[in-house]
Amino acid sequence: MSWVILFIAGLLEVAWAVGLKYTDGFTKLWPTVGTTVALVGSFVLLGLALKILPVGTAYAIWVGIGAVGTAIMGMFLFGESADVLKLVSLGLICAGIVGLKLAHG
């Protein structure tokens, strides 16, 4: 169950990172509220996952999910580049996430 909690925490990290773009420097109320809720939820769930999982592994996976997810959402929502080197690099981060999970057992 702790892995599921960590995965959801990572998805919420994507939500708050993308949400930052919509806050327009925290000048728009509802995007700011949504971003704050996602941020708090992400941290709370990460904290819950850390009750069971080792901090180094969990944090690296949480950051990896957030980084890859945010980069992909940036491509879809904001037209950011999706060149081959960027996609290969994101694939390497995904491989690292899987490797960390497998190393933990």
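**Exercise 1. How are α1 and α2 oriented to each other, roughly parallel or roughly antiparallel?**

Solution. The model examined here is a predicted one, and the first step is to take the geometry of the pair from it. The helices α1 and α2 pack at an angle of about 155°, with their axes 8 Å apart. The second step is to apply the cut-off, by which angles over 145 degrees count as roughly antiparallel. The two helices α1 and α2 are therefore roughly antiparallel to each other. As a last step, the handedness can be added: α1 and α2 cross in a left-handed manner.

**Exercise 2. Determine how α3 is placed against α4, and list the residues through which the two helices meet.**

Solution. Begin with the axes of α3 and helix α4 (residues 84-104), which are 10 Å apart, while the packing angle is about 155°. Because of that angle, α3 is roughly antiparallel to α4. The crossing in which α3 passes α4 is left-handed. Next, collect the contacting residues: on the α3 side they are T57, A60, I61, G64, I65, V68, A71, I72 and M75, and they meet K86, L87, L90, I93, C94, I97, L100, K101 and H104 on the α4 side.

One member of this interface, T57 of helix α3, deserves a separate look. With a relative accessible area of 16%, T57 is buried, since buried means under 20%. Apart from neighbours within four places in sequence, T57 is in contact with W3, L100 and H104.

**Exercise 3. Identify the residues of the largest nonpolar core and the helices that supply them.**

Solution. The largest nonpolar core consists of twelve residues, namely I5, L6, A9, L45, L46, A49, L53, A58, I61, W62, I65 and I97. Assigning these to helices shows that α1 (2-23), α2 and α3 (55-78) each supply at least two residues of the core. The largest share, four residues, comes from α3.

To see how one core residue is surrounded, consider W62, which touches L6, A9, G10, E13, S42, F43 and L46 when residues up to four places away in sequence are not counted.

**Exercise 4. Is S42 buried or exposed, and which residues is S42 in contact with?**

Solution. First locate the residue: S42 is found in helix α2, which covers residues 29-49. Its relative accessible area is 0%, so S42 is buried. Then list the contacts, leaving aside neighbours within four places in sequence: they are A9, L12, E13, W16 and W62.

**Exercise 5. Work out the surroundings of V14, a residue of helix α1.**

Solution. V14 has a relative accessible area of 10% and is therefore buried. Not counting residues up to four places away in sequence, V14 touches I65, G66, G69, T70 and M73. For a distance to a residue outside this list of contacts, take G56, which is 42 residues from V14 along the chain, the two C-alpha atoms being separated by 20 Å.

**Exercise 6. Compare the annotation in the record with the secondary structure of the model.**

Solution. The unreviewed UniProt entry places the feature "transmembrane region" at residues 33-52, 59-78 and 84-103. In the model, residues 33-52 are 85% helix and 0% strand, with end C-alpha atoms lying 30 Å apart. Residues 59-78 are 100% helix and 0% strand, and the end C-alpha atoms of this span lie 27 Å apart.

Technical notes
Residues numbered from 1 in each chain as written. Predicted model: local features only at pLDDT ≥ 70, side-chain atom pairs only at ≥ 80, totals over all residues. Heavy atoms only, no water. UniProt positions renumbered as here; feature names shortened; annotations may be inferred. Buried < 20%, exposed > 50% of the residue type's maximum accessible area, 1.4 Å probe, protein only. Contact = heavy atoms within 4.5 Å. Core = buried A, V, L, I, M, F, W, Y, C linked by side-chain atoms within 4.5 Å. Axes fitted to C-alpha atoms, helices over the stretch in contact; angles between N-to-C directions. Parallel < 35°, antiparallel > 145°, perpendicular 65-115°, else oblique. Left-handed = near helix turned anticlockwise from the far one by under 90°.
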